[in-house]
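This report covers enclosed spaces, buried elements and strand pairing in one structure. Please keep the sequence and the 3D view at hand while reading.

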Amino acid sequence: MCNILYCCDKFGTLLRWDLQESTTTRRGFTLDSYHSTTTKFGAIFYFARENWKADMKFKAFLTEHGVSLLERRFLPALDKMGKICHLFLTRDHAIFLHNLLNGDGVQCIAQFRKQALFDDYRISSQNEDRIAFAIDVSLLLRAVRSSVSICTEFGNGPTANRLQIKLVKKLPLNCTQPMPFLTFETKGYKSAVVQDVPISKPLSRAEVLELQTALDLAQDLPQTLVQVPDLNQLQNFVDRMKHVGDLLNVSVSKYGDLHVQISTTLITLGAEFRKLLVIGEQAESPSDDRNLSAQTRSERAISRGDAQRVQVSVKHFSRSLQCHLAKPDCTFYGIASQGSCLTVIFQFFIPGTHQTDKSISLHCRLPVLDPGSN
Amino acid sequence: MSSSAVEAEAPDLVCQLDSVQGMVDALSAVRWKRHQDAVVELSEHGVVLIVEDTGCLQAKVYLQRELFVRYEYNAEGRPRFGVSLGLFVDCLNSFSAPGRSSSIQIQYPGPDMQLLLKSVDSHDACIYAEIRTRIPDTISWDYNFEPAGGTPLTFTVKVLYSLGVIISAALKEAIDDLEWPGSSIQIIVQPDPPCVTFKGEGHGDLQIDFTYYVNTDLVIAFHCDHRVSYRYKYKFLRAITSNLPSSVIKDNRGSKLSIGRGGMLKVQHLVSVARAAAASHPHVDSAGHQQPSRIAYIEFFVKSEVDENN
């Protein structure tokens, strides 16, 4: 009996299939399903080209600091941004992305340099060592949380109870096809626990390109950013004012004024925060503006070109404030050029200092409901 | 100064409140539906807010001028205007911040007959609001409370509050429990034994007695000449206690019940509108009781279903 078959797939690629080796092929394809037909040349096997490639690999160890960052701060915050997010892994970064590929909701980007979370980080793929897939944030949080509770045993040596995370393909019960998972493995002194978090099929090359493009666009910084003096105060206010209306007008001025307002036929309710720290383009507030009402002051600043105003959904604004769960040290608001979106940037300091920790970044972009006035 | 037509007159009322939360609590006590139109009446004595339901239930909130840190009244007569209660309360609530006392200024009317509000205690953060008002409909009935017979039929029920996490008042609890039997609740007041009874019959029967002398910590005063019995719709009784603020329970307040001519039920609550830091407030005496000037009076009037008085 012949052990070697030469096959031709639908795309015309000639492959050599060694039956004894079971499913691997010369090109590194994993055969999950195939059709066969008998011709006068013998059996010919047709198989579908898979996105999943056997040489797509990801394996890393989460550091104690990384676990703490994710479990206590970032995953609870990201869980509020949306149920499902994309996890985009590259040679240097791990990035959590919400709503980057669909237009409607609040976009959220949490980017970590690999050293901020991982040790011994290994990644490889045929797409420049980039891997991306969709994952349920609450399942991810649950897996991290239960791994933490297991890691209370002290074993021998530094690797005794490290949390390993890797990409695998497994055949779950009641399934005929293997499915991809992000697996958490904890080895304690006496027990080992494996948790599989189901993930989507990894994104294709084209989808990864789309994601990368959206990510590059989302990194665009507004020209003027104002710092929120008290995030709790703002959140408390927005939580209460959202009962009054659905649409929020937000204006940011170069003088350091942040003005949020709900305006309906029955009520106008707003708050103005003045003399905030400004990053980027700034200007001196004209002295005769001092005694005006907040509304008039904003209007004048806009007409001078010193401020921008956009309208966003109150629910989106309130949701983006849930990022306070990540415990940022500073929060900034800015309006992107042409009023295309409202950006909120959360900054984190290196613990014990006032220096920005550049290995972590978190920001949200809120869709604008109305063409903003410039 | 020349008085031209363009020159602004002093507004009817400019007042300042040092704790918004108290006002939110007092007004929330009369919220029983999502959409309620309220009528607000201003006078030199203070502010009264009136809400009504189908001519059978009316509630009034009295905010005397002594509750305000500042009360400048310049109107002739008593201006009245209509406002959405829910919107007004939600708006006031936006000025409130937990753990901080928040002062606001309220002014009426604005240039467009609006109600104007703004925060006054902040340092570079300013909250403001403008609420549209309307010309109010005439209140369909303005009940002048008359005692039944020649003698006033009044009793005071002091409600029991349990300390701790779960707060419940005996009256509120009784009315909550009466939800189960049915839609019409009978209130019976009799002199011998001196007792107020709440009775519901429907999906089962439930009778709750508050007896003077027996439940001395629940009933602190009682007066009744002859037996009276009236029925009231459950949903109206429910409205009376469903939104009692927690401060009423913490302060161990009593709610006064009276039945007047034709079975009109009047229930009066006292709501403290003092600041959170009331312990250091000069008005609080050593017994911990608030002086009357820091109390808002809430009155409910409920028409009875059938006059069963014999």
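A residue is called buried when its relative accessible area is under 20%. The model described here is predicted.

**A covered helix**

By that cut-off, helix H1 of chain B is mostly covered, since eight of its nine residues are buried. The buried residues of H1(B) include B:Val20, B:Met23, B:Val24, B:Ala26 and B:Leu27. B:Gly22, B:Asp25 and B:Ser28 are also among the buried residues of H1(B).

**Cavities**

How many cavities of 30 Å³ or more does the structure hold? There are five. The largest cavity contains about 130 Å³ of space. Its lining is made up of 16 residues, and those closest to the centre are B:Val40, B:Val47, B:Phe88, B:Ile106 and B:Leu115. Helix H1(B), described above, is one of the elements that give two or more residues to this lining. The others are strands E1 (13-17), E2 (37-43), E3 (46-53) and E7 (104-108) of chain B. The most comes from E7(B), which gives three residues.

The second largest cavity holds about 100 Å³ of space. Of the 15 residues in its lining, A:Leu70, A:Leu87, A:Phe96, A:Phe118 and A:Ile165 are the closest to the centre. Two helices of chain A, H1 (64-81) and H3 (137-150), each give two or more residues to the lining of this second largest cavity. Strands E5 (57-62), E6 (84-89), E7 (93-98) and E12 (179-187) of chain A do so as well.

The table sets out the two linings by residue class.

| Cavity | Nonpolar residues | Polar residues | Charged residues |
|---|---|---|---|
| Largest | 15 | one | no charged |
| Second largest | 15 | no polar | no charged |

**Strand E2 of chain B and its partners**

Why is E2(B) described as largely enclosed by the rest of the structure? The reason is that six of the seven residues of E2(B) are buried. E2(B) pairs with two strands that are named here. With E3(B), the pairing is antiparallel and runs over six bridges. In this pair, B:Val39 has B:Ile50 of E3(B) as its bridge partner. The two strands are joined by a hairpin through two residues. With strand E6 (residues 80-84) of chain B, E2(B) shares five bridges, and this pair is antiparallel too. B:Ser84 in E6(B) stands opposite B:Asp37.

**A four-stranded sheet in chain B**

Further along chain B, an open sheet is formed by four strands in the order E13-E12-E11-E15, with antiparallel pairing. Which strands lie at the edges? They are E13 (204-211) and E15 (228-233) of chain B, and each pairs on one side only. On average, neighbouring strands of this sheet are turned by 20° against each other, direction ignored.

Strand E11 (residues 184-190) and strand E12 (residues 195-202) of chain B are joined by six bridges and run antiparallel. One bridge links B:Ile187 to B:Phe198 in E12(B).

Two helices of chain B lie across strands of this sheet. Helix H3 (residues 170-177) of chain B lies across E12 and E13, at about 165° to E13(B). Helix H4 (residues 234-241) of chain B lies across E11 and E15, and runs at about 85° to E15(B).

Technical notes: Residues numbered from 1 in each chain as written. Chains lettered and ligands numbered in written order. Predicted model: local features only at pLDDT ≥ 70, side-chain atom pairs only at ≥ 80, totals over all residues. Heavy atoms only, no water. 1 Å grid on protein atoms, 1.4 Å probe; cavity = no way out; pocket = protein on both sides within 12 Å on 5 of 7 lines; lining within 4 Å. Points joined across faces, edges and corners; volume = space filled by probe spheres on them. Nonpolar A, V, L, I, M, F, W, Y, C, P; charged D, E, K, R; others polar. Buried < 20%, exposed > 50% of the residue type's maximum accessible area, 1.4 Å probe, protein only. Pairing = 2+ DSSP bridges. Axes fitted to C-alpha atoms, helices over the stretch in contact; angles between N-to-C directions. Contact = heavy atoms within 4.5 Å.
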